[in-house]
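Biologist: Please give me a close look at one charged residue and its setting. Then work outward from there, step by step.

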Amino acid sequence: MSEVYKITLMKGDGIGPEVVDAAVSVMDKAASIGGFSLEYEECLIGGAAIDSTGKPLPEETVASCKSSDAVLLGAVGGPKWDTIDPSIRPERALLGIRKELGLFANLRPAVMFDELADASPVKNAKGMDLLIVRELIGGIYFGDRGTYDCIEKLPDGTPFGKVSYDTESYSQAEIRRIVKAAFTYASGRRKHLTLVDKANVMESSRLWRTETMEIAKSFPDVTLDFLYVDNCSMQLIGRPASFDVIVTSNIFGDILSDEAGMITGSIGLLPSASLGDPGKPGLYEPVHGSAPDIAGTGKANPIATILSAAMLLRWSLGKPEAADLIEDAVRSVIRSGFRTADIASQGENYLTTEQMTAKILEALK
Ligand code: NAD
């Protein structure tokens with residue numbers, strides 16, 4: 001009997017269901033070629049979950065994720081839920097599920113398909129093959145926050161009024177586990193790691209530096225360098241192909257990975273994986289959101305989610321051959337000139353979500 005793996009599907013909102021359905025058909029074909037099978041459990045998250053249960057992340061969804069081998073997520077959110085109480089907004093579900101599953105490492109590859117060089121806003125992006133390793137469950141997005149009335153005044157006498165604050169803090173343990181993971185990924189690639197921080201200003205960044213230099217001693221084959229985040233945002237535009245692996249904090253990684261993504265030409269091409277301790281389920285999702293502006297129009301590019309499914313097979317199920325098959329199929333379809341609306345040149349015919357998925361299925365052998 002063939003091995004069976006359980007995958008929790010959280011399709012979410014907007015284009016989420018369209019792109020997850022596309023990825024499931026591709027994963028199923030890769031699994032059947034590879035001689036294993038996938039069993040799916042569909043769960044609610046985000047706006048769809050709010051509409052049906054009043055909560056963005058129902059307990060049953062969390063339980064299903066925890067008992068599965070891996071989780072595939074579409075995207076959450078949309079204008080319908082933009083004005084509801086912030087504590088139950090669809091996006092809260094993302095922070096919640098990351099915390100529940102202990103997903104401390106967010107892997108965001110940004111690879112330039114040479115055939116799409118024209119779609120990049122950057123002229124020297126050919127050859128870019130970057131992996132951003134972002135810390136995902138610490139730092140300012142999870143730190144102390146609050147709002148209080150303040151009696152202080154500006155020099156001209158204007159009262160401060162309310163003051164709001166958010167706090168960036170990192171422990172040695174949190175830094176060490178993500179930096180070790182990043183060194184390990186760099187060892188398996190071109191062996192170059194860049195720590196991105198703001199150590200000229202921030203105390204927490206200085207702890208990142210000292211811990212990273214300590215861990216570097218255990219990875220003598222990996223060269224390490226450092227960039228301040230403001231400089232890194234410029235260097236990414238100036239010399240994108242020179243980066244191998246970047247490791248950084250939650251907020252810096254959030255911003256830099258979107259910048260790196262844009263260089264590849266379309267957010268519709270970018271996959272991601274969020275991983276915790278070995279043996280625990282990882283969560284895989286496209287980098288893009290629910291794109292309500294194109295939901296239901298057939299314009300959603302399914303490639304980001306299909307490549308996320310390839311990462312799922314590689315990292316959570318230990319099926320690198322099946323992952324390679326999917327990645328090769330995507331590459332060959334792009335090389336053959338097939339395009340969705342987001343990556344088509346002006347006036348060029350483009351394929352719908354379903355047509356692009358069919359082309360990738362055809363190329364998968
Ligand atoms: P978005 O990523 O949804 O869309 C940005 C732009 O990219 C839009 O023009 C959209 O049409 C386009 N786009 C996105 N994915 C595409 C694809 N696969 N193919 C072709 N074009 C694509 O970002 P947004 O508009 O800022 O946010 C929309 C909603 O998604 C918001 O509610 C936001 O909070 C949410 N969001 C969710 C996630 C997530 O679930 N992980 C991430 C980001 C944003």
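Modeller: Start with Arg 314, in this predicted model. Its relative accessible area is 25%, so Arg 314 is partly exposed. The cut-off for buried is under 20%, so Arg 314 misses that class.

What does Arg 314 pair with? Its partner is Glu 327, in a salt bridge whose closest N and O atoms are 2.8 Å apart. This pair links distant parts of the chain. Arg 314 belongs to helix H9, Glu 327 to helix H10, and 13 residues separate them in sequence.

Now look at the loop between helices H9 and H10. Lys 319 makes a salt bridge to Glu 3, with 3.0 Å between the closest N and O atoms. Lys 319 sits in that loop, between H9 (303–315) and H10 (320–335), while Glu 3 is in strand S1 (residues 3–12), so the bridge ties together parts 316 residues apart in sequence. The two ends differ in exposure class. Lys 319 counts as buried because its relative accessibility is 13%. Glu 3, at 40%, is partly exposed.

A further pair is Glu 100 with Lys 66. Their closest N and O atoms are 3.0 Å apart, and they form a salt bridge. It joins distant parts of the chain: helix H4 (residues 92–100) holds Glu 100, helix H3 (residues 59–66) holds Lys 66, and they are 34 residues apart. Glu 100 is partly exposed at 41% relative accessibility. Lys 66 is partly exposed as well, at 45%.

How many salt bridges are there in the structure? The count is 27. Some residues are joined in a network of salt bridges: Asp 129, Arg 189, Arg 190 and Asp 244.

Next, two uncharged residues. Ala 30 is in helix H1 (residues 16–34). Its relative accessibility is 0%, so Ala 30 counts as buried. Beyond its neighbours within four places in sequence, Ala 30 contacts Phe 36, Leu 313, Ala 322, Ile 326 and Leu 364. Its C-alpha atom is 8.0 Å from that of Lys 365, although these positions lie 335 residues apart along the chain.

Thr 194 belongs to strand S8 (residues 192–197). At 1% relative accessibility, Thr 194 is buried. Its side chain makes a polar contact of 2.8 Å with the side chain of Asp 225. Asp 225 is one of the residues Thr 194 touches, leaving out those up to four places away in sequence; the others are Leu 227, Phe 243, Val 245, Ile 246 and Val 247.

Last, the ligand. Around it are 21 residues, and Val 76, Glu 91, Gly 289, Ala 291 and Asn 301 come nearest. By class, nine are nonpolar, seven polar and five charged. A ligand nitrogen is 3.2 Å from an N or O atom in the side chain of His 288. Backbone atoms take part too. A ligand oxygen is 2.7 Å from a polar backbone atom of Gly 289. For Ser 290, a polar backbone atom is 3.1 Å from an oxygen of the ligand. The ligand has 810 Å² of accessible area on its own, and the protein covers 69% of that.

Technical notes: Residues numbered from 1 in each chain as written. Predicted model: local features only at pLDDT ≥ 70, side-chain atom pairs only at ≥ 80, totals over all residues. Heavy atoms only, no water. Helix = DSSP H or I, 4+ residues; strand = E, 2+ residues; numbered from the N terminus. Buried < 20%, exposed > 50% of the residue type's maximum accessible area, 1.4 Å probe, protein only. Polar contact = N/O pair within 3.5 Å; in protein donor to acceptor, adjacent residues only side chain to side chain. Contact = heavy atoms within 4.5 Å. Salt bridge = Lys/Arg side-chain N within 4 Å of Asp/Glu carboxyl O. Near = heavy atom within 4 Å. Areas by Shrake-Rupley, 256 points an atom, 1.4 Å probe, with all protein chains shown as cover. Nonpolar A, V, L, I, M, F, W, Y, C, P; charged D, E, K, R; others polar.
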